[in-house]
Amino acid sequence: MTNDRTALTRSELADLLTEAAQNVGGIPAAEYPTAAARSYLHPVLGPLAAGPRVIIELNDRFECFVATEPRPAGSAGLFALASYASALGWLTESFAELTSSVDEICTRVGIPTEPRAPIVAAPGGTERDDEFDFTFNALELEAVRNAAEAAGLAPDDYVEVLSQSLLAAARITDACMEISSCLLDDADLLSEVSDRPRLDNDPGSLPALVRSLLARMETTE
C-alpha cells in the first residue's frame, strides 16, 4: 500500500482485512524442521517461526494505512482501522505469551530435576495434569521412550514438556483462528453496500474484534 491522495474504498478496506485474516489464519499450519533432540517443541516451532513475520508485515501495512493521505476519517475507514489495530494488538500479545511458554519449556528442560518413576503401561493408561490427558498403549509407550531418549530426557519429563508445548500450540491456534474469523466478519460487513458500519453508541456497530476483546475483558473481571 502506498501513500495516495484518494481515500480507500470500502472494497479496498475489506480486501485489507481479508488479506490480514488469511495471513493470521495460516500461522497455526506453518511448519518448521525440528531436530529429533527437540521433538517436544515441534507443535510450537512452526507458529513461533511464522508469527513474527506476519506481525511485522501487518505492522508495516498498518503504518502505511494510517500514513495514507487523506487519513481514514469516515465511518468505514475508522471501522477498518479499529479492526486492524485490534487484530495487530491481540496477535502481538498472543505471541508474547507463546514466546514466554516456549521459554518456560526450554528452561524446564535445562534445569536438573530429581529422578522420577518411569512411565509404565497400565490398563487404565497414564494420565497427565493440565488440559491434556495421555493414555499410552505399548507401541505409543515405545515411541515416547525413543523420542525421550533422542531428546536426552526421562520419559516422564519428555511427556511433561510435550504436553506444555501442545497446550501452548492450542492456545496460539485458538487466538489466530478467532482473530482471523473476526477480521473476515469485519471485511464482510465493509463489503455490504449499505451505509453501515456506523461508529455510534450501538455496541453492535463496533468491529467484531473489538467486541470480542471487550467480552474477554468482562469475563476476566
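This is a short talk on the helices, aromatic pairs and largest pocket of one protein chain.

Okay, hi everyone. Before anything else, please keep in mind that we're looking at a predicted model.

Let's start with the overall layout. How many helices and strands does the chain have? There are six helices and zero strands. So if you walk along from the N terminus, the elements simply read α-α-α-α-α-α. The chain has 221 residues, and 36% of them count as buried. As for the outside, the accessible surface comes to about 12300 Å², with 54% of that belonging to carbon and sulfur atoms.

Now, who talks to whom? Take the contacts between residues at least 6 apart in sequence: 75% of those join residues at least 24 apart. Keep that in mind while we look at some examples.

First example: Ile55. You'll find Ile55 in helix α2. Is Ile55 buried or exposed? Its relative accessible area is 16%, and the cut-off for buried is under 20%, so Ile55 counts as buried. Skipping residues up to four places away in sequence, Ile55 touches Leu88, Leu91, Thr92 and Phe95. Pick out Leu91 from that list: Ile55 and Leu91 are 36 residues apart along the chain, yet their C-alpha atoms are separated by 7.3 Å.

On to the aromatic rings. When we describe a pair of rings, we give the distance of the centres and the angle of the planes. The structure holds two aromatic pairs. One of them is Tyr40 with Tyr158, and this pair is edge-to-face, with 6.1 Å centre to centre and 85° between the planes. Why does this pair tie together parts that are 118 residues apart in sequence? Because Tyr40 sits in the loop between α1 (10–25) and α2 (42–67), while Tyr158 belongs to helix α5. Tyr40 has 2% relative accessibility, so it counts as buried. Tyr158 counts as buried too, at 6% relative accessibility.

There's also the pair of Phe62 and Tyr84, which is stacked: 6.1 Å centre to centre, with 10° between the planes. This pair links distant parts of the chain as well, with Phe62 in helix α2 and Tyr84 in helix α3, 22 residues apart. Both Phe62 and Tyr84 are buried.

Okay, last topic: empty space. Rolling a probe the size of a water molecule over the atoms is how we see where empty space is left. The largest pocket here has a volume of about 350 Å³. Which residues lie nearest its centre? Those are Trp90, Ser94, Glu97, Ala175 and Arg216, out of a lining of 16 residues. If you sort the lining by type, you get seven nonpolar, three polar and six charged residues. And where does the lining come from? Helices α3 (75–110), α5 (155–191) and α6 (208–220) each supply at least two residues.

One more residue from helix α6 before I stop: Ser212. Ser212 is buried, with a relative accessible area of 12%. What is Ser212 in contact with, if we leave aside its neighbours within four places in sequence? The partners are Trp90, Glu178 and Cys182. And you've met Trp90 already, among the residues nearest the centre of the largest pocket.

That's my tour. If you open the model yourselves, try finding Tyr40 and Tyr158 and looking at their edge-to-face rings. Thanks, everyone!

Definitions and conventions:
Residues are numbered from 1 along each chain as its sequence is written. This is a predicted model: local features need pLDDT of at least 70, side-chain atom pairs count only at pLDDT 80 or more; totals for chains, interfaces and linings use all residues. Side-chain values use heavy atoms; hydrogens and water are left out. On a 1 Å grid over the protein atoms alone, a cavity is a set of points where a 1.4 Å probe fits but cannot get out, and a pocket is an open set with protein on both sides within 12 Å along at least five of seven lines; lining residues have an atom within 4 Å of a point. Grid points are joined across faces, edges and corners, and a volume is the space filled by probe spheres set on the points. Helices (H or I, at least four residues) and strands (E, at least two) are DSSP runs, numbered from the N terminus. Ala, Val, Leu, Ile, Met, Phe, Trp, Tyr, Cys and Pro count as nonpolar, Asp, Glu, Lys and Arg as charged, and the others, Gly among them, as polar. Rings of Phe, Tyr and Trp (its six-membered ring) pair if their centres lie within 6.5 Å; planes under 30 degrees apart count as stacked, over 60 as edge-to-face and the rest as tilted. Buried means under 20% relative accessible area, exposed over 50%, partly exposed in between (1.4 Å probe, protein chains only). Contact means heavy atoms within 4.5 Å. Accessible areas come from the Shrake-Rupley method with a 1.4 Å probe; for residues, only the protein chains shown count as cover.
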